[in-house]
Amino acid sequence: QVQLVESGGGLVQPGGALRLSCAASASIYNFYAMGWYRQAPGKQRELVATITQGGNINYADFVKGRFTISRDNIKNTVYLQMSKLKPEDTAVYYCGGRWSYYREFDYWGQGTQVTVSS
């Protein structure tokens, strides 16, 4: 089974930056897409950003211009560079893998906590 492990979360002040990493136990090139989702307390998990095998990137409106998703196929790692962080960004951030275009994201990491607070 493919394992996804997130890291890089922590406490940061508003306006600060943080880089999240997602290390995969298998080649991320085999996935149709990799992505980042987040879930705040009492809220549904929501899409943050995705990147496909072909390099097509999609961002949620609330992170455009602030977050950047990227991947390193050699290191089998997906990154989420977060800047200009807001308290509303506070959530558990999950790395996800989408094996096929015809399926939803169905591989998940354990999550990493991001807290934006003064």
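Two residues are in contact when they have heavy atoms within 4.5 Å of each other. Keep that in mind as we walk through this predicted model, where local features need pLDDT of at least 70, side-chain atom pairs count only at pLDDT 80 or more, and totals for chains, interfaces and linings use all residues. Residues are numbered from 1 along each chain as its sequence is written, and side-chain values use heavy atoms, with hydrogens and water left out.

Let's start at Ala91. Leaving aside its neighbours within four places in sequence, Ala91 is in contact with Arg38, Gln39, Ala40, Thr112, Gln113 and Val114. Ala91 sits in strand S9, which covers residues 91–98. Strands here are DSSP runs of E with at least two residues, while helices are runs of H or I with at least four residues, and both are numbered from the N terminus. Is Ala91 buried or exposed? Ala91 is buried, because its relative accessible area is 2% and buried means under 20%, with exposed over 50% and partly exposed in between (1.4 Å probe, protein chains only). Being a small number of steps away along the chain doesn't tell you the distance in space: Ala91 and Thr77 are 14 residues apart in sequence and 21 Å apart in space, C-alpha to C-alpha.

One of the contacts of Ala91 is Thr112, so let's hop over there. Thr112 belongs to strand S11, residues 112–116. With a relative accessible area of 11%, Thr112 is buried. Its contacts, again without neighbours within four places in sequence, are Glu6, Ser7, Gly8, Gly9, Leu20, Ala91, Val92 and Tyr93. Look at Gly9 in particular: its backbone nitrogen lies 3.1 Å from a polar atom of the Thr112 side chain. That pair is a polar contact, meaning N or O atoms within 3.5 Å; within protein, one must be able to donate a hydrogen and the other to accept it, and residues adjacent in sequence count only if both atoms are side-chain atoms.

Now back to strand S9, where you'll also find Tyr94. Tyr94 is buried too, at a relative accessible area of 14%. Not counting residues up to four places away in sequence, Tyr94 touches a list of residues that includes Glu6, Trp36, Tyr37, Arg45 and Trp108. The C-alpha atoms of Tyr94 and Ala40 are 11 Å apart in space, although the two residues are 54 apart in sequence.

Next comes the disulfide. A disulfide is a covalent bond between the sulfur atoms of two cysteines. How many does a search of the whole structure find? The search finds 1 disulfide, counted when a pair of cysteine sulfur atoms is within 2.5 Å. This disulfide joins Cys22 to Cys95, with 2.0 Å from S to S. Cys22 lies in strand S3 (residues 18–24) and Cys95 in strand S9, so the pair ties together parts that are 73 residues apart in sequence. The link of Cys22 and Cys95 is left-handed, with -75° about the S-S bond. Both cysteines, Cys22 and Cys95, are buried.

Cys22 also turns up among the contacts of Asn76, along with Ala23, Ala24, Ala26, Ser27 and Ile28, once neighbours within four places in sequence are left aside. Asn76 is found in the loop between strand S7 (67–72) and strand S8 (77–82). Asn76 counts as buried because its relative accessible area is 18%. Its backbone has a twist worth a look. Most residues other than glycine have a negative phi. Asn76, however, has a positive phi near 55°. Lys84 has a positive phi as well, near 50°. Lys84 is placed in the loop between S8 and S9, and with a relative accessible area of 56%, Lys84 is exposed.

Another exposed residue is Leu11, at 66% relative accessibility. Leu11 lies in strand S2, residues 10–12, and touches Thr115 and Ser117, not counting residues up to four places away in sequence. The C-alpha atoms of Leu11 and Val114 are separated by 6.2 Å, with their positions 103 residues apart along the chain.Finally, there's some empty space inside. The structure holds 1 cavity of 30 Å³ or more, and about 40 Å³ of space lies in the largest cavity. On a 1 Å grid over the protein atoms alone, a cavity is a set of points where a 1.4 Å probe fits but cannot get out, and lining residues have an atom within 4 Å of a point. Which residues line the largest cavity? They are Ile28, Tyr29, Phe31, Met34, Thr52, Gln53, Arg71 and Asn73. By class, the lining has 4 nonpolar, 3 polar and 1 charged residues.

Note on methods
1 Å grid on protein atoms, 1.4 Å probe; cavity = no way out; pocket = protein on both sides within 12 Å on 5 of 7 lines; lining within 4 Å. Points joined across faces, edges and corners; volume = space filled by probe spheres on them. Nonpolar A, V, L, I, M, F, W, Y, C, P; charged D, E, K, R; others polar.
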